[in-house]
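Visitor: Hi, could you walk me through this protein? I'd like to start with how you sort residues by exposure.

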Amino acid sequence: MDEAHEPAFRGPADVSHDYERDIGDPGEYPFTRGHSGAARTGDGWVHRELSGEGSPAESNRQLKYLISQGATGLDVIGDAPTVGLMDPDHPYARESVGTQGVSICRVGDFSTLYDGIPLEAVSVSHSLPACFTVAGLYQVARDRGMDPALLRGSTINAPFFMEDYAYATLLPFDARLRMALDAIEFATEHMPRFHPFVEDTYFISDGGIGPVEEMALGFIEIREVVRRLIERGLDVDRFARRIAILVNCRMTVFAEIAKIRASRRIFARMMREEFGATDPRSWQAHITVHTSGASLTAQQPVNNVVRGAVQAFALALAGVKAMEISAFDEAYRTPSDAAHLVALRTQQVVALESDALSSIDPLGGSYFVESLTDSMEARILERVRHIEGLGSASELFEKGYFRSLFQEAMIETNAEVADGVRPVVGVNTLAIPEEEDTLLAEHTAAKITPSYDHTAEVARWKAGRDPEVVRAAVDDIRRAAADPGVNLVGPILSAFASDATIGEITGAIRVAYGMAPDPLQKEDLHA
């Protein structure tokens, strides 16, 4: 990672930018120093922690626990079957249900997940399929008699890269991109306070890709999605203010701070100068951060508490809008209650006991940070130009270009750790015998078992549905997906109302795009 080896000394000769043009005061274009010109008050940023485990009811308990401990926002992640658009009773899903997040497959699951959660007051971030999340939240609001326009929060919406670095949906590229655009378009119209497009560079980078490549790939996706939305006839100033970027924060904290500052500047200039946005709110990148899960270790997990604190303080200095601290047991599992509490308290101690909030952009003007910000911006933009010059996103995806980047980065990172080039305390340096590694062991040793009861309950519920009603709903989805002019969120809402599931709806969309409804089973489950 080149950014870890920057020269140690910088001086005036290394900073040659124009202050007003390239930096500006906080709250002024190009927003290098952040959105607000006023000192931050209270906790300073939205305090979230990753949650989701087992059934919707179990995850609802987690959400309420976090709120009771002072969380000012929530983040829900789906398990592998859910994010892969597979129902929990699928033969290949059984052993994964609820083990890496919450299991969601029907509109009632959203209702259970958010039972008693004040959605008009609490911002909820989602690492769940965007089109279904928008539909599910919209329906929950309607069922409560709440105006969906009051909904706050966001959803990860990354159609380009998810298939290559995370969860396989087995949907063609064109279908994934269309569903991403449909979710943004629907939410822009009906949920104007919600962020339906969170560009997720965290997952891109946590496999080993460095900050420059992380943000270059993120901006490539943002740029293409913005172009496509404008082609649909959407006014850029209607949706741009609801774009957010979820970035990673590794232990190379100065590089991460510079990355965040450079990304604000790139976003502002891109929106104003390239895409013609005229509303200053459209120029302001909403940057949220999840600290690096890949920086955590199974060995000496107590060290992970220190890693989280270092990263949290760096992010406070960077002035991010929201943050989540990877919990000390994330090398083993999704966070336990104890790990949730430590991570949340880490944010609260930094916010309330340190002086991190006493100044806006306190590192602004540092020769080192400013020169690193300039270098980061130039390198990100050069990488964007290079990749965009290779072909369209769909062409590069089909050629396996993005997958090769992720694979090479993972191989390189693992080799650096194995060879000791990248020091990791407790792993390749300062290790201790396994029998002495007992701090926090009672928490990290607790494993999550698959949610067999939830799977069985979903199977019973399916058996009790009216099969003709479900079949008709699935047919309607297939016809809607075959018409490129139809926004799929509306038909998904209708299908949810007929008790169709995410897996069944996705199967119908695949058929409309010339695929088998379930490529893993190769037969029509509704035939």
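Guide: Happy to. A residue is called buried under 20% relative accessible area, exposed over 50%, and partly exposed in between. Keep in mind that this is a predicted model.

Visitor: Good. So where does L440 fall, buried, exposed or partly exposed?

Guide: L440 has a relative accessible area of 22%, so it counts as partly exposed. You'll find L440 in the loop between α16 (401-418) and α17 (441-444).

Visitor: What is phi like at L440?

Guide: Phi of L440 is positive, near 70°, and the residue is not a glycine. As background, most residues other than glycine have a negative phi.

Visitor: Which residue with a positive phi follows α20?

Guide: That is D499, with phi near 70°. D499 sits in the loop between α20 and α21, and at 30% relative accessible area D499 is partly exposed.

Visitor: Let's stay with α20. Which of its residues are buried?

Guide: Helix α20 covers residues 489-497, and V489, I492, L493, A495 and F496 are buried there. Seen down the axis of α20, these buried residues fall within an arc of 165°, so they line one face of the helix.

Visitor: And what do they pack against?

Guide: The buried residues of α20 pack against α4, α5, α7, α19 (467-482) and α21.

Visitor: How about α18, how many residues does it have?

Guide: Helix α18 runs over residues 452-463, which makes 12 residues. From first C-alpha to last, α18 reaches 17 Å, close to the expected 16 Å. H454, T455, V458 and K462 are buried in α18. Those buried residues fall within an arc of 100° down the axis of α18, so they line one face.

Visitor: What's on the other side of α18, and what covers the buried residues?

Guide: On the other side of α18, D453, R460 and A463 are exposed. The cover over the buried residues of α18 includes α2 (56-68), α4 (107-113) and α21 (502-512).

Visitor: Changing topic: how many disulfides are there?

Guide: Zero, after a search of the whole structure.

Visitor: Why is C131 not in one?

Guide: The closest cysteine sulfur to that of C131 is in C105, 17 Å away, which is too far for a bond. C131 is also buried, at 3% relative accessibility. C249 is another buried cysteine, with a relative accessible area of 0%.

Visitor: How many cavities of 30 Å³ or more are there?

Guide: Two. The largest cavity holds about 340 Å³ of space. It is lined by 22 residues, and the closest to its centre are P129, A130, A158, M162 and T169. The elements giving two or more residues to this lining are α5 (130-144), α6 (162-165) and α7 (173-190).

Visitor: And what is the volume of the second largest pocket?

Guide: About 680 Å³. Of the 38 residues lining the second largest pocket, V46, H286, V320, K321 and A322 are the closest to its centre. Elements that each supply at least two residues of that lining include β1 (46-48), β7 (243-249), β8 (286-291) and α12 (302-318).

Visitor: One last thing: where is the cis peptide bond with P30?

Guide: That cis bond joins Y29 and P30, with omega about 5°. P30 lies in the loop between α1 (19-23) and β1. In general, most peptide bonds are trans.

Definitions and conventions
Residues numbered from 1 in each chain as written. Predicted model: local features only at pLDDT ≥ 70, side-chain atom pairs only at ≥ 80, totals over all residues. Heavy atoms only, no water. Helix = DSSP H or I, 4+ residues; strand = E, 2+ residues; numbered from the N terminus. Expected span 1.5 Å × (residues − 1). Buried < 20%, exposed > 50% of the residue type's maximum accessible area, 1.4 Å probe, protein only. Arc of directions from axis to C-beta. Contact = heavy atoms within 4.5 Å. Disulfide = S-S within 2.5 Å. 1 Å grid on protein atoms, 1.4 Å probe; cavity = no way out; pocket = protein on both sides within 12 Å on 5 of 7 lines; lining within 4 Å. Points joined across faces, edges and corners; volume = space filled by probe spheres on them.
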